[in-house]
Amino acid sequence: MSSDIKRPSKKPAALLLTNIRQLLTLRGSATGPRRGTDLSNLGIVEDASVFCLNGKIVSVGKTKEAVRDPWIRKNRKKIVEIDCAGKVVLPGFVDSHTHPVFISPRLVDFEKRTTGASYEEIAAAGGGIQSSLRDVRQAGKSQLAEKVLQFLRTIAMQGTTTVEVKSGYGLTLDSELKSLEAIRDAASHWPGTVVSTLLGAHIVPREFRNRRKQYVELVCREMIPQAAKKKLAQFVDVFTERGAFTAGETRKIFDAARNHNLGTRAHVCQLSRTALLELLELDPASFDHLDCVSDADIRYLARRNTIATLVPGANHFLGLRNFPPARKLIDSGVPVALATDFNPGTSPTVSMPFVMSLACTHMKMSPAESIAASTINGAWALGLQDRKGSIEPGKDADLACFDVPDYREIPYWIAANKVVFTVLNGVPVTGCEIAPTGDS
Ligand SMILES: [Zn+2]
């Protein structure tokens, strides 16, 4: 990493947020991800406070109770205090699906699409994922790490405190490992939480076009074992789609991941339908997209803890008329999460509030459902439900404060950023500085 990258700001030992107009605790999800009407239950406390010590949440309640607490009274001078009068505080967003390890935006593809070219037509003409491969293969690790760190800093300013980051624009053994190392290096300079995913099975790269079986073997026999051995990834993802990988190939890759104790997740049913039952048997953490999921698979998903992660930013950016069937999924009891799918080809947005806005307008999710899907169910999608996604004693101190008096304004103001500050594992951040506070 270059020398101008600074270490994360120091964590204040004790942090007290007071006078919060609406505190969305999302408490009480210990038994499973949120489903059905439970997705609307935000556990709101008014005139609230949150007290954090050493990066963990210690107490949650009314401000008047917190300021009467004997320990807080005695140590008040040592506590960093932030007055949140008139504001909303919620758990930091858990963005469970992003692809930030790339060098350049895909502006030619973007422009082509304005003349009517589809995602698949652009890919067939050499655009799409193929066009990001050359840059990433040539880039140094530190250059990639800088890109990822810029992304991490930006998302913190949008209220995101935990993020899943995928490789997948190298598609050689070396460049996939280099991408994962870049994610690790960037994460070590950011106070939030990063979960790494190996997406060696993003597409079959051109040089393997007539040898796809060998490419799947490269993923299973080299990429997965090495990523696991070097502890560079927690999950393995597959783009299961026509033009990418079949369900059978996905199953093989999932088996290899499982043999190396890595979790699994897949992009499915974005452009074409894949039958999910066989893959569900391997208990993937998440199936993402699900635009054209079948009714039968919706019934199977409703009985499982595999999260349906919806990414409407991609539908929006591709100019599609249809969006994922959120209402049908939620009303059938499928646990649903929202994520940005940040990537240069189909969803160049870092904003969870924008995604929530799309979910409300185009997928008819309620503002409350969009918040639970972006916090506690995002945490379930990453296996972090014990630490993330709700504001409860014992959980990590991950918070986002919005300059709005009512949480419904978060998805309401389209493409606005109303974040005042975020707290990432106990570290308050606004801009690149520590948030304005009282005595510290
Ligand atoms: Zn994706």
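On a 1 Å grid over the protein atoms alone, a cavity is a set of points where a 1.4 Å probe fits but cannot get out, and a lining residue has an atom within 4 Å of a point. Points are joined across faces, edges and corners, and the volume is the space filled by probe spheres set on them.

This is a predicted model: local features need pLDDT of at least 70, side-chain atom pairs count only at pLDDT 80 or more, and totals for chains, interfaces and linings use all residues. Residues are numbered from 1 along each chain as its sequence is written, and side-chain values use heavy atoms, leaving out hydrogens and water.

Now to the cavities. Searching the whole structure turns up three of 30 Å³ or more, and the largest holds about 120 Å³ of space. Among its 14 lining residues, Tyr119, His202, Asp341, Asn343 and Thr346 sit closest to the centre. Here's the lining by class:

| Class (members) | Residues in the lining |
|---|---|
| nonpolar (Ala, Val, Leu, Ile, Met, Phe, Trp, Tyr, Cys, Pro) | four residues |
| charged (Asp, Glu, Lys, Arg) | two residues |
| polar (the others, Gly among them) | eight residues |

Next, the sheet. Eight strands (DSSP E runs of at least two residues, numbered from the N terminus) make an open, parallel sheet in the order 6-7-8-9-10-11-12-13. Strands pair if DSSP finds at least two bridges between them. Strand 6 (93–95) and strand 13 (336–338) are the edges, each pairing on one side only. Three bridges tie strand 12 (residues 307–310) to strand 13, and leucine 310 stands opposite leucine 338.

Finally, helix 7 (residues 173–187; helices are H or I runs of at least four residues) packs on the sheet, touching strand 7 (160–166) and strand 8 (193–201). Touching means heavy atoms within 4.5 Å. The direction of helix 7 makes about 175° with that of strand 8, using lines fitted to C-alpha atoms, for helices over the stretch in contact, with angles from 0 to 180 degrees between N-to-C directions.

Definitions and conventions
On a 1 Å grid over the protein atoms alone, a cavity is a set of points where a 1.4 Å probe fits but cannot get out, and a pocket is an open set with protein on both sides within 12 Å along at least five of seven lines; lining residues have an atom within 4 Å of a point.
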